[in-house]
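Welcome! Take a moment to look over the sequence and the 3D view, and then let us walk through some of the details together.

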Amino acid sequence: MKRDSDYKEKTTLATIIATCKTTNIARVVKYFVTKYQPLVLIAVVLFLSVIPLFTNKSYVLGVFCRIFLYSILAGSLNTINGYSGQFCLGVAGFFCVGAYSEAILSTAVKMNFWFILPIAGLITAVIGLFVALPTLKMQGIYLAIVTLGFSEIARLVALNWTSLTGGPMGIKGIPVPEIFGFSIRTAKHFYYLYLIMAILFLFVTSRVVRSRIGRAWMSIREDQLAAKSLGVFTSRYKALNFMYGAFWAGIAGAIYAPYVRFIDSTYFTLDEGWNILSMMIIGGQGTLIGPVVGSVIVNYLTELLRPIGQWRLVAYALLIIVMMWWRPQGLAGASNSIVAVKGDTHLRKKTAAKGVGV
Amino acid sequence: MDYFLNQLINGICQGAIYALMAIGYSVVVGVVGMVTFTHGEVIMIGAFAAYYMFFLSGNQILLGLIVSFIASWILGYFVYKVCYERFFNAPRHVSLLCTIGFSMLIKNLAQIIFGPNQKPMLDVVQQNFFKIGVVQISQLQIVIIITVVIMASLLSMIFNRTKFGVMLKAVSQDKTASYLVGIDVKRIAMLGNSLGCGLGGIAGLLLAIYYQTLQATMGGPLGMKAFASSVLGGLTDVRFSALGGLCIGIIENLGITVSSASFRDMFAFGFLILVLVIRPQGFVSKKGAKV
């Protein structure tokens with residue numbers, strides 16, 4: 001009799017725990033978001049677009065600007081690393097090329113910002129193609145090292161080609177963009193510019209990754225050989241993927257240059273690349289929302305941990321290691337793909353007989 | 001022409017240090033089977049360990065060598081525990097990203113502990129110059145080259161004469177087969193990784209006394225040059241990696257003769273990219289551990 005009640009108690013406890021688990025807040029939010037996706041998106045955009053009406057502090061708006069900017073940068077890296085499974089580490093180099101193209105074209109050639117924007121993107125995309133072309137046939141690590149080398153070379157060229165880039169003096173007095181005679185100069189104006197660009201990036205990328213091209217990228221990520229045997233031109237799609245990612249990183253650079261009004265090569269060091277990479281890893285690979293989440297978290301942490309200076313980079317590094325140990329796809333990454341395959345843990349049973357990790 | 005010849009000598013000396021870095025790197029990559037980004041930080045820790053040892057002990061170069069080897073060995077143990085042990089079955093990029101995170105961690109901790117500024121290295125070797133015809137070579141360069149040669153021959157003795165070395169070679173060629181003949185693969189991978197890191201630490205010491213400076217952020221480009229050198233040697237072949245390191249050192253220094261010294265790193269990376277385009281498998285195409 002007693003046993004029976006014990007058992008009953010246990011089962012009720014178990015069911016309570018189970019219901020708690022199934023109805024936790026994250027799941028409710030997730031269900032709600034997936035069911036009313038357009039409504040939620042509109043609400044978020046509306047909320048973001050009214051923020052400048054309530055606060056005029058350029059500090060707060062500046063943080064938001066950085067979040068939008070790095071959403072584009074980490075997102076462009078995510079289209080390369082997360083969607084097609086390439087291994088690019090040189091996004092800071094593309095950022096550098098985009099920013100310098102904008103700065104040079106607007107100060108030396110005095111072109112209109114809105115013409116420069118696509119041109120800077122295209123220049124970066126072409127350079128991305130030249131970086132990707134020789135390495136298309138190689139495995140991931142070679143591409144990683146070539147892109148890393150490219151990033152460093154781009155910075156060194158910017159530092160040493162004094163006649164074009166100003167060298168260590170940088171480029172001063174980059175003109176602010178104008179639209180129909182209205183010049184975008186305050187933090188509030190740039191807030192809207194960055195918001196629009198981030199939404200444009202997310203919209204275009206969401207269309208691209210759901211198209212034939214995006215599906216080809218994802219098939220390459222999951223299994224390149226299988227994709228090839230099913231008739232996907234893997235090298236062509238990988239080159240296209242690289243160009244697409246580089247294009248948006250270049251656009252991000254082009255909207256960054258007039259915001260800071262002065263650029264030099266110290267903005268584009270390898271640390272900047274690691275920063276963007278950590279956003280993508282912490283936020284999540286292979287989804288659109290992942291890099292945005294990463295950008296919000298990392299930029300928020302940056303502001304939060306500003307008093308302790310250098311330790312925040314230690315915190316990012318620890319976060320990267322923690323993510324790789326327990327959640328390699330990142331917080332909001334694609335859980336059903338190869339980026340979510342963990343280390344030994346779930347394969348341990350299969351290879352226990354073999355005993356070796358090979 | 002004199003300048004050119006002197007730069008060639010400098011290049012050989014620098015190439016010898018790069019060769020030692022590359023030897024360590026290719027031992028790590030061969031034995032563990034995964035590429036690492038932490039090698040630059042391992043080199044940096046070796047340099048700093050030697051710096052503090054020289055500070056404490058006066059200029060005992062042998063003591064410095066031993067301490068930097070041990071410090072980098074210990075760091076290599078942690079690298080193995082954090083970045084490799086769990087990920088032998090995972091996709092490659094997981095452990096790669098983990099090594100990137102670990103190298104960020106070490107670099108920033110080092111900046112906090114040792115300070116972000118450049119430190120002047122103590123004068124360990126006297127700066128005497130010998131003149132042979134038009135070429136002049138310093139005592140320091142001779143010491144460096146001799147150290148590298150001794151290290152390389154010690155390593156080749158370990159590889160060819162001892163049981164441990166044979167096990168290292170076996171694990172580097174085929175992990176499953178070595179497990180089948182009774183080798184504790186994980187332990188050997190750990191020891192091999194630490195050995196490669198220790199060699200990197202010695203390279204760090206040599207670099208620090210060659211340039212007379214050391215800095216917490218010195219690791220990044222050095223790790224990439226170690227990688228570039230071992231790519232030239234086919235990533236896992238120790239002898240050809242050493243040759244690759246020598247090549248990169250010479251090309252850097254000859255590149256400086258035709259342009260300015262600020263382009264030093266560009267020549268190294270440009271040469272790497274050129275090699276990857278023309279001959280990605282390195283000097284030799286070799287069967288064995290694939291990366």
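## Where the two chains meet

Across the interface of chain A and chain B, three residue pairs are in polar contact, with both residues of a pair at pLDDT 80 or more. On the side of chain A that touches chain B, the elements that give two or more residues are helix H7 (140-160), helix H13 (270-283), helix H15 (311-326) and helix H16 (344-352) of chain A. Please keep in mind that this is a predicted model.

How many residues of chain A are in contact with chain B? The contact involves 48 residues of chain A and 47 residues of chain B. Between them, the two chains bury about 4,500 Å², and 76% of that area is on carbon and sulfur atoms. The count of salt bridges between chain A and chain B is one. A:Asp271 and B:Lys107 form a salt bridge, and their closest N and O atoms are 3.0 Å apart.

## A leucine in a loop

Next, have a look at A:Leu89, which sits in the loop between helix H4 (58-84) and helix H5 (91-107) of chain A. Is A:Leu89 buried or exposed? Its relative accessible area is 4%, and the cut-off for buried is under 20%, so A:Leu89 counts as buried.

What surrounds this residue? Leaving aside neighbours within four places in sequence, A:Leu89 is in contact with A:Ala144, A:Thr147, A:Leu148, A:Trp274 and A:Leu277, and also with B:Phe37 and B:Ile100. For a sense of distance, A:Leu89 and A:Ile67 are 22 residues apart in sequence, while their C-alpha atoms are 20 Å apart in space.

## Helix H6 of chain A

Helix H6 of chain A runs over residues 113-132, which makes 20 residues. From its first C-alpha to its last it reaches 28 Å, close to the 28 Å expected at 1.5 Å a residue. At the start of H6(A), a side-chain oxygen of A:Asn112 comes to within 3.2 Å of the backbone nitrogen of A:Trp114. The buried residues of this helix include A:Phe113, A:Ile116, A:Leu117, A:Ala120 and A:Gly121, and further along A:Thr124, A:Ala125, A:Gly128, A:Val131 and A:Ala132.

One of these deserves a second look: A:Val131, found in helix H6 of chain A. With a relative accessible area of 9%, A:Val131 is buried. Neighbours within four places in sequence aside, A:Val131 is in contact with A:Val146, A:Thr147, A:Phe150 and A:Phe242. A:Val131 and A:Val146 are 15 residues apart in sequence and 7.5 Å apart in space, C-alpha to C-alpha. You have already met A:Thr147, which is also listed among the contacts of A:Leu89.

## A hairpin in chain B

Now turn to chain B, where strand E2 (residues 129-132) and strand E3 (residues 135-138) pair in the antiparallel sense over four bridges. B:Phe129 has B:Ser138 in E3(B) as its bridge partner. The hairpin of E2(B) and E3(B) has two residues between the strands, and B:Gly133 takes a positive phi near 65° there.

## Charged pairs

Side chains of opposite charge can pair when their charged atoms come close. Over all chains, the count comes to seven salt bridges. Which residue meets A:Arg66 in a salt bridge? The partner is A:Glu303, at 2.7 Å from N to O. A:Arg66 lies in helix H4 of chain A and A:Glu303 in helix H14 (residues 289-304) of chain A, so this pair ties together parts that are 237 residues apart in sequence.

A:Glu303 also meets A:Arg306 in a salt bridge (3.1 Å, N to O), and A:Arg66, A:Glu303 and A:Arg306 are linked in a network of salt bridges. A:Arg66 is partly exposed, with a relative accessible area of 24%, and A:Arg306 counts as partly exposed at 46%. A:Glu303, with 13%, is buried.

In chain B, the side chains of B:Lys225 and B:Glu252 meet in a salt bridge of 3.2 Å, N to O. B:Lys225 lies in helix H9 (residues 219-232) of chain B and B:Glu252 in helix H10 (residues 238-258) of chain B, so the pair ties together parts that are 27 residues apart in sequence. Both B:Lys225 and B:Glu252 are buried.

Note on methods
Residues are numbered from 1 along each chain as its sequence is written. Chains are lettered from A and ligands numbered from 1 in the order in which they are written. This is a predicted model: local features need pLDDT of at least 70, side-chain atom pairs count only at pLDDT 80 or more; totals for chains, interfaces and linings use all residues. Side-chain values use heavy atoms; hydrogens and water are left out. The expected span of a helix is 1.5 Å times one less than its number of residues. Buried means under 20% relative accessible area, exposed over 50%, partly exposed in between (1.4 Å probe, protein chains only). A polar contact is a pair of N or O atoms within 3.5 Å; within protein, one must be able to donate a hydrogen and the other to accept it, and residues adjacent in sequence count only if both atoms are side-chain atoms. Two strands pair if DSSP finds at least two bridges between them. Contact means heavy atoms within 4.5 Å. Buried area is the accessible area (1.4 Å probe) that two parts lose on being put together, summed over both. A salt bridge is a side-chain nitrogen of Lys or Arg within 4 Å of a carboxyl oxygen of Asp or Glu.
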